[in-house]
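Me: Please take a close look at one part of this protein for me. Pick the stretch around one buried side chain, and then place that stretch in the whole.

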Amino acid sequence: MVREMQRKLSLKAEKARDHVFGDLYSLLCRGDWLAMAWEKVKSNKGSRTAGVDRTTRSNFERDEQGCLARLKEKLRQATFKPSPVCRQYIRELKASGRIKIRPLGIPTLEDRIVQEAVRMILEPIFEPDFSQDSYGFRPGRSTHRALTSVWHRLLPHAGYRWIIEGDISSFLDHTS
């Protein structure tokens with residue numbers, strides 16, 4: 001049912017670019033939508049890490065149906081409030097040998113489920129609007145596909161002669 005609704009949202013977004021979607025919030029409050037979002041969150045490598053509420057994946061799974069039902073009710077009653085993220089610091093060894101400490105925010109499992117459910121609603125609507133040359137955080141896109149695209153554009157018959165790469169170092173680490 002969820003996949004069918006996503007397909008309908010996508011088709012509507014493609015055919016009627018100026019369409020205004022109404023009542024998307026009701027999708028967020030559906031049990032099947034939240035269950036599918038939970039399956040996606042659960043399959044994530046970091047799903048075992050607890051947020052500020054200290055709820056671990058194993059705790060959540062002990063009463064999975066109850067937890068999802070309570071989350072659905074909070075959303076339905078509009079009483080759901082996201083929690084602050086749990087701040088952790090990760091050490092990264094850079095190619096130069098330098099060690100960089102990077103902040104990482106870990107949301108609660110409930111927040112991750114809601115974020116995933118929102119993504120599941122919005123992605124089919126906005127995906128048709130994005131450029132085919134945009135590769136960041138898109139379904140079916142990867143660094144490998146971006147490099148393949150650049151390679152094909154550098155072939156002599158393509159007519160491109162320049163590639164400009166930009167990197168704003170740690171930009172998102174310091175925005176508020």
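What follows is one connected answer about that part and its surroundings.

Reply: This is a predicted model. I start with Leu71, then follow the chain outward.

Leu71 sits in helix α5, which covers residues 64-76. Is Leu71 buried or exposed? Its relative accessible area is 0%. The cut-off for buried is under 20%, so Leu71 counts as buried.

Which residues does Leu71 touch, once those up to four places away in sequence are set aside? They are Leu34, Phe80, Glu110, Ile113 and Val114. Leu34 belongs to the range of helix α3, residues 31-43. Glu110, Ile113 and Val114 fall in the range of α6, residues 109-126. The contacts of Leu71 therefore reach both α3 and α6, and Leu71 itself is buried. Take the pair with Ile113. In sequence, Leu71 and Ile113 are 42 residues apart. In space, their C-alpha atoms are 9.2 Å apart.

Between α5 and α6 comes the strand pair. Strand β1 holds residues 86-93 and strand β2 holds residues 99-106. The two run antiparallel, joined by 8 bridges. Two of the pairings can be named. Arg91 has Ile101 in β2 as its bridge partner. Gln88 stands opposite Leu104, also in β2. The hairpin has 5 residues between its strands. Gly97 takes a positive phi there, near 95°.

That brings up phi elsewhere. Most residues other than glycine have a negative phi. Which residues other than glycine have a positive phi here? Asp23 is one of them, at about 55°. Arg54 is another, with phi near 65°. Each lies in a loop. For Asp23 it is the loop between α1 (2-15) and α2 (25-28). For Arg54 it is the loop between α3 (31-43) and α4 (57-62). Asp23 has a relative accessible area of 59%, and the cut-off for exposed is over 50%, so Asp23 counts as exposed. Arg54 is exposed too, because its relative accessibility is 65%.

Glu127 is a loop residue with another outcome. It lies between α6 (109-126) and α7 (143-154). Glu127 has a relative accessible area of 18%, so it counts as buried. Leaving aside neighbours within four places in sequence, Glu127 is in contact with Arg138 and Pro139.

Now the whole chain. The protein has 7 helices and 2 strands. From the N terminus on, the order is α-α-α-α-α-β-β-α-α. Leu71 thus sits in the helix just before the two strands, because α5 is the fifth element in that order.

How does the overall size look? The radius of gyration is 20 Å, whereas a compact globule of 176 residues would have one near 16 Å. The C-alpha trace spans about 60 × 50 × 30 Å along its principal axes. Leu71 and Glu127 are among the buried residues, which make up 28% of the 176. Contacts between residues at least 6 apart in sequence include many long-range ones: 58% join residues at least 24 apart. The Leu71 contact with Ile113 is one such case, at 42 residues apart.

The surface comes last. About 12800 Å² is exposed, and carbon and sulfur atoms supply 55% of that area. Side chains with charge number 32 positive and 22 negative. The centres of these two sets lie 3 Å apart.

Note on methods
Residues numbered from 1 in each chain as written. Predicted model: local features only at pLDDT ≥ 70, side-chain atom pairs only at ≥ 80, totals over all residues. Heavy atoms only, no water. Helix = DSSP H or I, 4+ residues; strand = E, 2+ residues; numbered from the N terminus. Rg over C-alpha atoms; globule rule 2.2 N^0.38 Å. Buried < 20%, exposed > 50% of the residue type's maximum accessible area, 1.4 Å probe, protein only. Contact = heavy atoms within 4.5 Å. Areas by Shrake-Rupley, 256 points an atom, 1.4 Å probe, with all protein chains shown as cover. Lys, Arg positive; Asp, Glu negative; His and termini not counted. Charge placed at Lys NZ, Arg CZ, Asp CG, Glu CD. Pairing = 2+ DSSP bridges.
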